[in-house]
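Biologist: Could you take me through one part of this model in close detail? I would love a connected account of a single residue and the pocket lining that its strand helps to build.

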Amino acid sequence: MAQAGARPAPTGRAGAPADTTRPDTGSRLVIIHHSDFLEQITRDSVQIEKLIGHDTLSQGRTRLYADSMYFNQKENVVEAFGNVHINDNDSVDIYSRYLKYYATPKKALLRRQVKLTDGKDVLTTDSLDYDLPTHVGTYTKGGKVVNGTTILTSDDGIYYGETKDVTFMKHVHLTDTAYKITNDTLYYNTQTKIANWKVPTIIDDGKSIIETRRGFYDLKRNLFNSEDRPRIRDSSGSIIADRLAYDRNTGNGEARGNVVYKDTSSNTLLANHVFFNRPRRNVLATEKPVLIILEGKDTTYVRADTFYSALVRDLRYFRRHMNALGDTTLFPPGADSSSHPPSRDTVSHVAETEPTDSLPVKDSTLRYIIGFHHVRVFSDSLQAKSDSLFYSDVDSVFQFFGKPAVWANHSQITGDTMYLYTKRQKPSRLYAFFNGFIINSVGHDFFNQITGRTINGYFKDGEMDYMRAKGYAHSVYFAQNDSGAYLGLNTAEADAIDLFFVNRELNKVVFRNGVKGTTTPMRQIQIENTRLPNFKWQEALRPKSKEELFQ
């Protein structure tokens, strides 16, 4: 009802209900449903309707409420003040302290304390332009969207009511209970809770940082997927790749393309396909993986078909898993440092006595690494090959299994199984047990050879210094004078045979206990008869450079 003294509203413009049976076709007609006080005033020769008190207008399925309004019928424009409220088709409600509404395009300019809600999500800002036909709202002076436990803020933003998409621009911050996302442009859907980006983006969960330039995060399922060289880093290391996918619920991740994985021990793993679990801190690398072990200026490169690395504290769990799969190459059932059944085969015995098991593990960050199949090792002072490999940070010992061979200078050492002990990433001791065989090349088709049940080699400053073959030791040795001329072939056997090296060359051979031997003059030697049983010179398999491991 109009107040006393006010001019009554024209028929059909106050007190009459809106016709809600017709579809909203974008009609220009604005209907005044109620006002406590209504009068006509003139501004610049234009008649304007002034409404004060509980004002209600409608246009099609859109209703406008305010404390006071000014309605310019000629321009079809409404200005509203106070407790402004727009209800759009009973699906979206918008509140503000000021509104300028252009009825012909159905566009609302809302200012001061603006709030838009669809019943589930809330957008707040101080300035919002809202297009009612398309249900698109735009802010440019800062805004916030609350979507359940997720809060998003930015300087600029566009809200698409039909699709529930929101584009956030400039100083974008997404905050959830578990993580934060920051960048300059973020695309977010309030229904699917999927965030997309195509700009540099940081994701921080308090324990790790994800750096990415293109990708998406599914907040409902906690799934992250990114391309364009994303990187994950935390206190345990980092991983970077062409593409990364990560499941935060399980901790499982997958990386593809030029993967670089680094841990706290300065080890770097390169591969083209990597699976990892962040909580357990384990990693499985395939597709031409190369392990780089760095200590100061010394670097060791290791290549295999597959690498698996995890924390030493989880080693027994891995053993049980491998045994359950039936793979006992490295970890036979019952293997434990406290029991050593004598009937085990060579590999089983090695697994039972591996150095890692016998040492206390006080550092929870220590890792072990296993290389499966076609293992090759290169460093400036030593090269090696085997079928599989085990390495642990606990003792820095490389354990080679499956027809291993190690080359140092002009010497080749083989055995059923071999341990290479390192100190500060330099070789310090080599241990080959069962069927140890040393071959030292001294010229074309001339090879010094020593065999024994076990072979121990010791290094000095990374170079071979001394070797001992023990247990049914046999040797074939080309004797030379001081000028290097060959004197003859010495064939001998002893309890132990020692070899001494100077400047990378074999300098002296010493036989210990029970020595038996013969010397044959050079002119009587037939080269084919100078080979000990099981002689096999494998120089062709020796890695010649680090580049070879990357091919």
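**A close look at Gln449**

Modeller: Happy to! In this predicted model, Gln449 has a relative accessible area of 0%, and because anything under 20% counts as buried, Gln449 is buried. Its place in the fold is strand β36, which spans residues 446-460.

The side chain of Gln449 has polar partners there. It reaches the backbone oxygen of Thr530 at 2.7 Å, and the backbone oxygen of Phe447 at 3.0 Å. Thr530 also appears among the residues that Gln449 touches beyond four places in sequence, together with Arg531, Leu532 and Phe535. That list further includes His474, Ser475 and Val476, as well as Phe437 and Ile438.

Phe437 leads us on to the largest pocket. About 480 Å³ of space lies in that pocket, and 19 residues line it. Phe437 is one of the lining residues closest to the pocket's centre, along with Thr414, Gly415, Asn435 and Asn534.

As for the strands, β36, the strand of Gln449, supplies at least two residues of the lining, as do β33 (411-414) and β35 (426-443). β35 gives the most, with 4 residues. By residue type, the lining divides into 10 polar, 5 nonpolar and 4 charged residues.

So that you can follow the link on screen, start at Gln449, go to Phe437, which Gln449 touches, and then move to the centre of the largest pocket, where Phe437 is among the closest lining residues.

Terms used. Residues are numbered from 1 along each chain as its sequence is written. This is a predicted model: local features need pLDDT of at least 70, side-chain atom pairs count only at pLDDT 80 or more; totals for chains, interfaces and linings use all residues. Side-chain values use heavy atoms; hydrogens and water are left out. On a 1 Å grid over the protein atoms alone, a cavity is a set of points where a 1.4 Å probe fits but cannot get out, and a pocket is an open set with protein on both sides within 12 Å along at least five of seven lines; lining residues have an atom within 4 Å of a point. Grid points are joined across faces, edges and corners, and a volume is the space filled by probe spheres set on the points. Ala, Val, Leu, Ile, Met, Phe, Trp, Tyr, Cys and Pro count as nonpolar, Asp, Glu, Lys and Arg as charged, and the others, Gly among them, as polar. Buried means under 20% relative accessible area, exposed over 50%, partly exposed in between (1.4 Å probe, protein chains only). A polar contact is a pair of N or O atoms within 3.5 Å; within protein, one must be able to donate a hydrogen and the other to accept it, and residues adjacent in sequence count only if both atoms are side-chain atoms. Contact means heavy atoms within 4.5 Å.
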